Amino acid sequence: MILTVTLNTALDLTYRVPALTPHASHRVTAVTERPGGKGLNVARVLAALGHDVTVTGFAGGDTGRALRDQLAADEARVTDALAPVAGATRRTLAVVDATTGDTTQFNEPGPAISPDEWAAFLGTYEELLRTPGTHAVALCGSLPPGVPVGAYALLVRAARAARVPVLLDTSGEPLRRGVAARPDIVKPNADELAELTGSHEPEQATRDARRRGAHTVVASLGAQGVLAVTPDGTWQARPPAMVRGNPTGAGDSAVAGLLSGLAEGLPWPDRLARAVALSAATVAAPVAGEYDARTYEDLLPRVQVTDRAAA
């Protein structure tokens, strides 16, 4: 079982419009609604790859109930261990321009989490880490109001104490503190990496992030794929072609690729190829947080993985 943590879950709405024009009224041609938040997106992709997943975090209010109902109805391989809270789970809105393929995103703030709700979640999390057969845990996304800024550092240390490999995917101060707690993998994008290290040169910044405490750093570089600095070597994996579409959830699919490869014992080049192919296939999917299976199968054998140490 793989555990994913989403402290700031969301109900994701996607609107498709013929063209997005500022200051104009729009006719929406299609609407989709999905459980969202980075860790839930990761869980959905892991389940599609055949892995059993447990999701935890917070859910509350009418949106939280809708989110949990959809999880129960749609994701047979996903176990719901979300902690209830008094506040309402947020919504996110993605507006997809069908003409250009570009996406405009609107993210609501999350509910305020009380000290008692945070303490109850910690108990659930530590119990899940001790569950036999827990292969890895992913800590994903932003922190809702009320959760301490050092929350991910605390969760990383708990996973390490339980001897469960832990991947961290967040940004800003929570990332800085979380990296210092020595997670097994961190997966920043280029902007998050530059904010963490002060460097805009990807390889230098990735190595610097590793020196700050992470065992392995896998940096998402958009159309350039991913750059990974690991104890076993340094690789860059690139997609064979640029894919246009909705990028929402592409980074989460990369996390799913890394975690599934870890659970299956794949070598790093194969994990990275899977992460890049899944990320690109998610851009090609019509719904945020899902991936197009045909695109994935087409791209996977053609992802270019380069050994940077040998280059």
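These legends accompany a set of close-up views of one predicted model.

**Close-up 1. Strand S4, residues 53-59, and the strands beside it.** Let us start with S4, where seven of the seven residues are buried, so the strand is largely enclosed by the rest of the structure. Val-53, Val-55, Gly-57 and Ala-59 point one way from S4, while Thr-54, Thr-56 and Phe-58 point the other way. Strand S1 pairs with S4 in the parallel sense over five bridges, and here Ile-2 stands opposite Val-53. Strand S6 (residues 83-84) is also a parallel partner of S4, with two bridges; look for Ala-59 of S4 opposite Pro-84 of S6.

**Close-up 2. From S4 to S5 by way of helix H2.** S4 and strand S5 (residues 78-80) run parallel and are joined by three bridges. Thr-54 stands opposite Thr-79 in S5. Between these two strands the chain passes through helix H2 (residues 61-74), making a right-handed β-α-β crossover.

**Close-up 3. Helix H4, residues 151-161, and its cover.** The buried residues of this helix are Ala-151, Tyr-152, Ala-153, Leu-155, Val-156, Ala-158 and Ala-159. As you trace them, recall that an α-helix has 3.6 residues a turn, so residues three or four places apart point the same way. The cover over the buried residues of H4 includes three strands, S1 (2-6), S9 (136-140) and S10 (166-169). Helices H3 (115-129) and H5 (172-180) are also part of that cover. After H4 comes Arg-163, which has a positive phi, near 60°.

**Close-up 4. Strand S13, residues 226-230, between two antiparallel partners.** Five of the five residues of S13 are buried, so this strand, too, is largely enclosed by the rest of the structure. Val-226, Ala-228 and Thr-230 point one way from S13, and Leu-227 and Val-229 point the other way. On the S12 side (residues 216-220), four bridges hold an antiparallel pairing, in which Ala-219 has Leu-227 as its bridge partner. S12 and S13 form a hairpin with five residues between them, and Gly-222 in this turn has a positive phi of about 65°. With strand S14 (residues 233-238), S13 again runs antiparallel, this time joined by five bridges. Leu-227 is paired with Gln-236 of S14, and the hairpin from S13 to S14 passes through two residues.

**Close-up 5. Thr-230 in strand S13.** Is Thr-230 buried or exposed? Thr-230 counts as buried, because its relative accessibility is 5% and the cut-off for buried is under 20%. A polar atom of its side chain lies 2.9 Å from the backbone nitrogen of Asp-232. Beyond neighbours within four places in sequence, Thr-230 is in contact with Arg-210, Thr-216, Trp-235 and Trp-268.

**Close-up 6. Thr-99 in the loop between strands S7 (90-97) and S8 (103-107).** Thr-99 is exposed, with a relative accessible area of 62%. Which residues does Thr-99 contact, leaving aside neighbours within four places in sequence? They are Pro-18 and Ala-19. Thr-99 and Pro-18 are 81 residues apart along the chain, yet their C-alpha atoms are separated by 6.1 Å. The side chain of Thr-99 reaches the backbone oxygen of Pro-18 at 2.5 Å.

**Close-up 7. The salt bridge of Arg-34 and Glu-290.** A search of the whole structure finds 15 salt bridges. In the one shown here, the closest N and O atoms of Arg-34 and Glu-290 are 2.8 Å apart. Arg-34 lies in strand S3 (residues 30-36) and Glu-290 in the loop between helix H9 (268-284) and helix H10 (293-299), so the pair ties together parts that are 256 residues apart in sequence. Arg-34 is partly exposed at 23% relative accessibility, and Glu-290 is partly exposed at 26%.

**Close-up 8. Further salt bridges, including those of Arg-91 and Asp-298.** The side chains of Arg-91 and Glu-108 meet at 2.8 Å, N to O. This pair links distant parts of the chain, with Arg-91 in strand S7 and Glu-108 in the loop between S8 and H3, 17 residues apart. Arg-91 is partly exposed at 41% relative accessible area, as is Glu-108 at 30%. Asp-298 and Arg-302 form another salt bridge, their closest N and O atoms 2.8 Å apart. Asp-298 counts as partly exposed at 42% relative accessibility, and Arg-302 does so at 41%. Finally, a network of salt bridges links Lys-38, Asp-169 and Asp-252.

Methods:
Residues numbered from 1 in each chain as written. Predicted model: local features only at pLDDT ≥ 70, side-chain atom pairs only at ≥ 80, totals over all residues. Heavy atoms only, no water. Buried < 20%, exposed > 50% of the residue type's maximum accessible area, 1.4 Å probe, protein only. Contact = heavy atoms within 4.5 Å. Polar contact = N/O pair within 3.5 Å; in protein donor to acceptor, adjacent residues only side chain to side chain. Pairing = 2+ DSSP bridges. Right-handed = clockwise from strand over helix to strand, strands pointing away. Salt bridge = Lys/Arg side-chain N within 4 Å of Asp/Glu carboxyl O.
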